[in-house]
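Here's a quick briefing to read with the structure open beside you. It goes through helix packing, the core, and a few loop and helix residues worth a look.

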Amino acid sequence: MFDSDFYSDLHVHTNRSLCAPRTTEPSTYLPYCESEGIRLIGISDHVYPTEMIHAFGYKDETRLSRLLSVRPALREAEDASNVRFLFGCEIDYFPCVGHPYISPEESLQFDYVLFASSHILNYPHMYTTYDLSSPDVLRRLTVERFVATCKLDYPVPMGICHPLYPICSPHQCEIIDGISDDCLKECFSMAKEKNISIEIHACLYRQDTPLNADGLSDRYLRILSVAKDCGCKFHFGSDAHDPKAFVGSHDMLRKAATLLGITGDDLWDVAKGILQR
Ligand SMILES: [Zn+2]
Ligand SMILES: [Zn+2]
C-alpha cells in the first residue's frame with residue numbers, strides 16, 4: 001500500500017529526554033516495530049545545558065554525557081531484534097545563546113542531527129524580549145529560526161524536525177496561514193541547497209489544526225508540499241516519547257507522504273539507513 005522505503009522513524013525519544021517517561025528506553029519500542037512496519041529507528045533525544053540537567057537532579061551528568069549514555073542501550077536493542085538503531089539528537093538553537101547546544105565538532109559523535117527550529121513557546125524564558133502572545137511575532141520568529149538553522153554548517157547529516165510548526169501556540173492556523181507560499185519557497189530552497197532533510201512530523205495528524213477527511217492537517221500538508229516542490233529530501237518523525245505516541249503514527253505519516261507524492265527517491269539517505277561521511 002505504501003512505498004517499501006517507508007520503514008524508518010528518525011525522531012524517537014527515550015528517558016534521556018527530561019520530558020519523556022522515566023521508563024522509556026530504546027528497547028521499549030521494539031514490541032511495536034513489526035506492526036508499525038518500522039525497521040530503522042533514530043533516537044534523537046533533546047540536548048539540554050548541563051545546569052538544567054543538574055537542576056533536574058542528575059548531578060553526575062553533563063549535556064553530552066547524558067546523550068552518549070544511551071548508546072549501549074541502542075546496541076542492546078539491536079542485538080535483541082531485527083530493528084536497526086541510529087544515534088541522533090534534537091538540538092535547540094536560541095538567539096539569546098547564539099550557538100546550538102551541540103557544536104559541529106561534537107556532532108561527529110552522532111549519526112545525524114535534527115534541529116528544533118520551532119521550539120519557541122516550549123522555552124518562553126529564552127525569548128523574554130519578544131511578545132510571544134502575538135501570532136505575528138511568533139510567525140516571524142518561526143520563520144527566522146528556520147532560516148538561521150539553514151545557515152548552520154555541520155559535518156554530519158542535518159535535518160529540521162517539525163518544520164515551521166509553532167508548537168504549543170493556540171494560534172497555529174493564523175500563524176501558518178500568514179506564511180506565504182513565496183516565503184515557504186525561500187525557506188525550503190535554503191534547506192534544499194544545504195541538503196537539510198525536512199521532517200514529515202506528527203503535527204500532520206495532531207489536532208492542533210483542523211483535520212481533513214484523511215485525518216490530516218491541510219495546513220501542514222501545504223508546508224510540506226512546498227518543500228516537495230523545492231526538491232527537499234524528507235524523513236519521518238513520530239516524535240514519540242513513549243510507545244503510546246509511536247503506535248499508529250507511522251501509517252498516518254506514510255499517508256501524508258503518499259498524498260504529497262513523496263516516494264523513496266525523495267527520502268533522506270539517513271532515512272534509508274545510508275550514512276555517508
Ligand atoms: Zn521538538
Ligand atoms: Zn522531539
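First, a word on naming: helices (H or I, at least four residues) and strands (E, at least two) are DSSP runs, numbered from the N terminus. With that in hand, Cys168 can be placed in the loop between E5 and H7. Keep in mind that this is a predicted model.

**Two odd loop residues**

- Cys168 isn't a glycine, yet its phi is positive, near 75°.
- Cys168 has 16 C-beta neighbours inside 10 Å, so it counts as partly exposed.
- His162 also sits between strand E5 (158–160) and helix H7 (172–177), in the loop.
- The phi of His162 is positive too, at about 30°, and again the residue is not a glycine.
- Is His162 buried or exposed? It's buried, because 25 other C-beta atoms lie within 10 Å and the bar for buried is 20 or more.

**H8 against H9**

- Helix H8 (residues 181–193) meets helix H9 (residues 218–229), with axes that come within 9 Å and cross at roughly 55°.
- That angle makes H8 and H9 oblique to each other, and their crossing is right-handed.
- On the H8 side, the contact uses Asp181, Leu184, Lys185 and Phe188, while H9 brings Ile223, Val226 and Ala227.
- Sorted by type, the residues of this H8–H9 contact come out as five nonpolar, two charged and no polar.

**H6 against H8**

- H8 also packs with helix H6 (residues 135–150), at an angle of about 20° and with the axes 9 Å apart.
- H6 and H8 are therefore roughly parallel to each other, since angles under 35 degrees count that way.
- The H6–H8 crossing is left-handed.
- H6 puts in Val143, Phe146, Val147 and Cys150, and H8 answers with Cys183, Cys187, Met190 and Ala191.
- What kinds of residues make up the contact of H6 with H8? Eight are nonpolar, with no polar and no charged ones.

**The core**

- The largest nonpolar core runs to 73 residues.
- Which residues have the most contacts inside that core? They are Ile91 and Val113.
- Leaving out residues up to four places away in sequence, Val113 touches Gly88, Cys89, Ile91, Ile102, Ser107, Tyr154, Val156 and Met158.

**Val83**

- Look for Val83 in the loop between helix H4 (71–79) and strand E3 (84–91).
- Val83 counts as partly exposed because it has 18 C-beta neighbours inside 10 Å.
- Beyond residues up to four places away in sequence, Val83 touches Leu30, Cys33, Ile38, Arg39, Ile41, Ala77 and Glu78.
- His54 isn't on that list of contacts: the C-alpha atoms of Val83 and His54 are separated by 33 Å, with their positions 29 residues apart along the chain.

**Arg222**

- Arg222 belongs to helix H9.
- With 16 other C-beta atoms within 10 Å, Arg222 is partly exposed.
- How far apart in space are Arg222 and Asp266? They are 17 Å apart, C-alpha to C-alpha, and 44 residues apart in sequence.

Note on methods: Residues are numbered from 1 along each chain as its sequence is written. Chains are lettered from A and ligands numbered from 1 in the order in which they are written. This is a predicted model: local features need pLDDT of at least 70, side-chain atom pairs count only at pLDDT 80 or more; totals for chains, interfaces and linings use all residues. Axes are lines fitted to C-alpha atoms, for helices over the stretch in contact, and angles run from 0 to 180 degrees between N-to-C directions. Angles under 35 degrees count as roughly parallel, over 145 as roughly antiparallel, 65 to 115 as roughly perpendicular and the rest as oblique. A crossing is left-handed if the near helix is turned anticlockwise from the far one by less than a right angle, and right-handed if clockwise. Two residues are in contact if their C-beta atoms, placed from the backbone, lie within 7 Å. Ala, Val, Leu, Ile, Met, Phe, Trp, Tyr, Cys and Pro count as nonpolar, Asp, Glu, Lys and Arg as charged, and the others, Gly among them, as polar. A nonpolar core is a set of buried Ala, Val, Leu, Ile, Met, Phe, Trp, Tyr and Cys residues joined through C-beta atoms within 7 Å. A residue is buried if 20 or more other C-beta atoms lie within 10 Å of its own, exposed if 12 or fewer, and partly exposed in between; C-beta atoms are placed from the backbone.
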